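This briefing goes through one protein chain by topic. Look at the sequence and the structure first, then read the points below.

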Amino acid sequence: MRVSVFGLGYVGAVSCGCLAELGHQVIGVDTNPGKVAMINAGESPVVEDQIGELIASAVRRGALRATADVEAAVRGSEVSLISVATPSKPNYAPDLAAVEAVVRAIGGVLRTKQEPHVIVLRSTVPPGTTEQLIRPILEESAGRALGDRLSLVFNPEFLREGSSVRDFHEPPQTIIGSLDEAGYVAIERLYAGLPGPVVRTSCRVAESVKYLCNVFHAMKIVFANEAGSVLKACGLDGGEVMRIFCQDTQLNISPAYLRPGFAFGGSCLPKEVKGFLTLAREHDVAIPAMGGLLESNEAHIRRAYDLIARDGRRKVALFGLAFKPGTDDMRDSPLVLLAERLLGKGFELAIFDRFVKLSRLMGKNKDFIDREIPHLDRLLRDTPEGALVGAEVIVVGHADEQARSAIVARAGDARIVDLSGYADLRNAAGPGYEGICW
Ligand SMILES: NC(=O)c1ccc[n+]([C@@H]2O[C@H](COP(=O)([O-])OP(=O)(O)OC[C@H]3O[C@@H](n4cnc5c(N)ncnc54)[C@H](O)[C@@H]3O)[C@@H](O)[C@H]2O)c1
């Protein structure tokens, strides 16, 4: 393919070298004449393992050149990748001025270019940017609508500086957000032969995944550093603990606990978080990220309450009370805390949880429920149908298949507030359905 790459920084320069190596004809574009001159001299404008040789060889073969001339670059290519910087403004919002300027300049040339052209945004931008900000600028400057020989794609870049060429050849996945079929096809052709799954999705989802990847990586680093600092203060080797910790690929380094849903609770997680915070305090180690966990969890319970209470309906059927399905352990269950809050605010509550039988409760579990919801016996129902009688809002903490069928069958005009995200419920429920994170 004939490809132009706008922005010859870390992402752009690596893309130029690697795409030329894949067999494409590449033109790099930058407003910085020094970077343009370096590429044309066969040198890399960035320091990265292997990239010097890749660029030198591509320029020697005539597969790569650079220019500051936008018109020549757009006319000489069928796909334009945009990888200009999107730095933070003082208020933390990303500065999208360079992206906007490049799109406007490309669109201006496309106004008089007849052949189809695909514009691919690779810079990291907030969800919604491609559709809401970039699309109108492109359509206005090009004088034609998307679909009319014009495609717009968001294709996030996952390279890490220091290993970027290797990362290009071994991407974790290729994510393509496009506004039309031609956009998907162009990116699939561009990276043909590279390993890893190819995901076709919307631009907004692709933009969100890229943002979250970096936030998650930052959270992981902060977690490891806070953990290591507390452990060191306790006379331990934080590195050794984390090495063993990371060997658990079932619960720790895995998709476990990464599904948006309701708050954490139960007899272990809140207790152990509190215990670790105490340890940090005793050793005077500041761990603000871990210190925010309980507050964040509480905010999530409040979010669920606000969602339920939003429109003044007072009769609530709550499905699930134990901290997770299949147990009657209600100690520190966030659903108990939610129920308690609803009762305190005067809501009428009917509760169904197949595994909670008051007659069988004992010990700490009984003490907890007696303290938090003293009249639970009056609220518990034996069947899903019993809980649904007269319900105006149905709250699904957790529910087995039979209970979910009853909910779908009998919801009527009631709103459904789903805290769990059961696919069947989501698919079958009507317009009154709303999830806490979806
Ligand atoms: N660096 C990374 O590891 C990495 C990884 C993935 C994604 N990203 C994202 O990719 C984007 C680019 O990052 P980077 O690190 O390569 O940035 P960078 O600052 O290294 O390079 C940006 C380049 O764009 C050029 N430029 C600015 N305005 C221009 C214009 N109007 N026309 C042409 N060129 C112009 C600049 O001169 C510069 O050479 C950012 O959104 C970043 O968040 C970066």
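**Overall layout**

In this predicted model, 67% of the contacts in the chain with a separation of 6 or more are between residues 24 or more positions apart. The chain has 438 residues, and 35% of them count as buried. Its secondary structure comes to 19 helices and 13 strands. The C-alpha trace spans about 80 × 60 × 40 Å along its principal axes.

**Nonpolar cores**

- The largest nonpolar core holds 57 residues, and the members that touch the most others are Cys16, Ile39, Ile82 and Val120.
- Helix α1, residues 10-21, supplies the largest share of this core, with eight residues.
- A second core of 45 residues is separate from it, and Leu337, Val393, Ile394 and Leu425 are included there.
- Leaving aside residues up to four places away in sequence, Val120 touches Val79, Ser80, Leu81 and Ile82, as well as Val153, Asn155 and Ile187.

**Surroundings of the ligand**

- There are 24 residues around the ligand, and those that come nearest are Gly7, Gly9, Val11, Ala85 and Ser123.
- Two elements, α1 and α5 (97-110), give two or more residues each to this shell.
- Sorted by class, the shell has 11 nonpolar residues, nine polar residues and four charged residues.
- Helix α1 therefore appears under two topics here: its residues give the largest share of the largest core, and α1 also contributes to the shell around the ligand.**A five-stranded sheet**

- Five strands form an open sheet in the order β10-β9-β11-β12-β13, and their pairing is parallel.
- Why is one side of β10 and of β13 left without a neighbour in the sheet? Both β10 (348-352) and β13 (433-435) stand at the edges and have a single partner strand each, so one side of each has no neighbour there.
- On average, neighbouring strands of this sheet are turned by 20° against each other, with direction ignored.
- Strands β9 (residues 315-319) and β11 (residues 393-396) run parallel and are joined by four bridges.
- Ala317 has Ile394 in β11 as its bridge partner, and Ile394 is also one of the residues in the second core.

**A helix across the sheet**

- Helix α14, made of residues 334-344, lies across β9 and β10.
- The helix α14 runs at about 155° to β10.

Note on methods:
Residues are numbered from 1 along each chain as its sequence is written. This is a predicted model: local features need pLDDT of at least 70, side-chain atom pairs count only at pLDDT 80 or more; totals for chains, interfaces and linings use all residues. A nonpolar core is a set of buried Ala, Val, Leu, Ile, Met, Phe, Trp, Tyr and Cys residues joined through C-beta atoms within 7 Å. A residue is buried if 20 or more other C-beta atoms lie within 10 Å of its own, exposed if 12 or fewer, and partly exposed in between; C-beta atoms are placed from the backbone. Two residues are in contact if their C-beta atoms, placed from the backbone, lie within 7 Å. A residue is near a molecule or strand if its C-beta atom, placed from the backbone, lies within 6 Å of it. Ala, Val, Leu, Ile, Met, Phe, Trp, Tyr, Cys and Pro count as nonpolar, Asp, Glu, Lys and Arg as charged, and the others, Gly among them, as polar. Two strands pair if DSSP finds at least two bridges between them. Axes are lines fitted to C-alpha atoms, for helices over the stretch in contact, and angles run from 0 to 180 degrees between N-to-C directions.
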